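This guided tour is intended for a reader who has the model open in a viewer. Please follow the stops in order, selecting each residue or element as it is named.

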Amino acid sequence: MSNRLPPEWAKQDAIMLTWPHADTDWKPILNEVEAVYVSICEAITARQKLVVVCHDEVLKIHISQLLHGANVIIQNVQFVIVATNDSWARDHGPISVVNSQGQVVALDFTFNGWGSKYPADLDNQINQEMFKQLGICNWRKIDVVLEGGAIDIDEKGNLLTTERCLLNKNRNHRMTRADIEGLLKTELGAKNILWLDHGVLEGDDTDSHIDTLARFAPGQTIIYQGCNESGYRFFDELEKMKQSLVQMRSLDGKPFNLLELPWPSGQANASGERLPATYANFLIINDAVLAPIYDVEEDTEALQTLQMAFPEHQIVAVNCRPIIEQFGSLHCLTMQLPKNFLAN
């Protein structure tokens, strides 16, 4: 029975968020981060449902109070209570495919904290508890490490990923490139695996997730993070990434339409560490694209570029400056649940 991973711009039932709490690394800036989460909730619930994973009942009550005090359509929110290590739903959330009978099947891959860099025992159990509480019947456990942020697919089955992540021995050390390609084709319906051999952001600890670097848009388009800061530590890497994208060919042998995102002005934390600000970490929802901005002058151009890539979508800016303090951004926080997910 063949599976097909829908592109992110396919119709969705909901977005999954895993809420930050005081027992995570977010604690010093929790108020600022929760304000960003509320903004995300407002944008999502205006268009579709939202599944919020809560560490415990106390947090659920707190979140409910926050959402009731904001412009959130609370009827579109469903809560799941399960203990969590952190809040990066893109990587611990389910990757949902459509099978040959048109049914949504949620695939529960293993999450090991980006190559055992961080504790992930609780986050690795979120999906199965979520399936139980939401009454999701069609799901399957796959004993392979795969994070949602590591892959991106278009409507034709072109799948974009990076060698630095998927071939890293800190994930699936017994699997070869051929093994991984076979998995992506069998489980996700990928027809053309596109490997980026370059591209990295300073401060990124995911081993170059594709969702920080380059993403698909409709019409054989790839929108990618450019860099014009010649003194940047990974300037050459990003230039080589651009060259690789130019050389890539789609399933039909044609080059992709490329759109370059502006390079955001450098951001650093209080310790002087460079933060991985990227405009490529946008989230596509029903009829809108939520765009991460960082309160810098390049934000305007980034929003315009995203509008070019998604002319039929409303572009909604979300200030993610607090989020990059923990080295991720908007897309990393979220996971789409495709149409009919909640009915399976």
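Between which two helices does the loop that holds Arg-171 lie? Select Arg-171: its loop runs between helix 6 and helix 7 (177-188). Helices here are DSSP runs of H or I with at least four residues, strands are runs of E with at least two, and both are numbered from the N terminus.

The model is predicted, so local features need pLDDT of at least 70 and side-chain atom pairs count only at pLDDT 80 or more, while totals for chains, interfaces and linings use all residues. Residues are numbered from 1 along each chain as its sequence is written, and side-chain values use heavy atoms, with hydrogens and water left out.

**First stop: around Arg-171**

Arg-171 counts as buried because its relative accessible area is 8%; buried means under 20%, exposed over 50%, and partly exposed in between, with a 1.4 Å probe and protein chains only. Next, display its contacts, that is, residues with heavy atoms within 4.5 Å. Leaving aside neighbours within four places in sequence, Arg-171 touches residues including Asn-112, Trp-114, Glu-147, Cys-165, Asp-207 and His-209. Then select Ala-83, which is 88 residues from Arg-171 in sequence and 23 Å from it in space, C-alpha to C-alpha.

**Second stop: helix 6**

Move to helix 6 (residues 163-166), where Leu-166 is found. With 7% relative accessibility, Leu-166 counts as buried. Beyond four places in sequence, its contacts include Leu-146, Ala-150, Ile-180, Leu-184 and Trp-195. Ile-151 is also in contact with Leu-166; these two residues are 15 apart along the chain, and their C-alpha atoms are separated by 9.0 Å.

**Third stop: the nonpolar cores**

In soluble globular proteins, nonpolar side chains tend to be buried together. A nonpolar core is a set of buried Ala, Val, Leu, Ile, Met, Phe, Trp, Tyr and Cys residues joined through side-chain atoms within 4.5 Å. The largest one has 78 residues, and those with the most contacts inside it are Trp-19, Ile-40, Leu-160, Leu-290, Phe-310 and Ile-323. Select helix 1 (residues 30-45) as well, since it gives this core its largest share, nine residues. Another core, of 41 residues, lies apart from it; among its members are Ala-106, Ala-150, Cys-165 and Phe-341.

Return to Trp-19 and show what surrounds it. Apart from neighbours within four places in sequence, its contacts include Glu-34, Tyr-37, Val-38, Cys-41, Leu-59, Ile-63 and Ser-87.

**Fourth stop: helix 9 and the loops**

In helix 9, select Met-308. Met-308 counts as exposed because its relative accessibility is 57%. Leu-259 is 49 residues away from Met-308 in sequence, with 8.5 Å between their C-alpha atoms.

Asp-295 is in the loop between strand 15 (288-293) and helix 9 (299-309). It is exposed, at 65% relative accessibility.

Most residues other than glycine have a negative phi. Asp-295, however, has a positive phi of about 60°. Phe-327 also has a positive phi, near 70°, and is located in the loop between strand 16 (314-319) and helix 10 (330-333).

**Last stop: the whole chain**

Zoom out to the full protein chain, which has 10 helices and 17 strands. Its C-alpha atoms fill a box of roughly 50 × 50 × 40 Å along the principal axes. The radius of gyration is 19 Å, which agrees with the value near 20 Å for a compact globule of 344 residues; it is taken over C-alpha atoms, and the globule rule is 2.2 Å times the number of residues to the power 0.38. Buried residues make up 60% of the 344. Among contacts between residues at least 6 apart in sequence, 77% join residues at least 24 apart.
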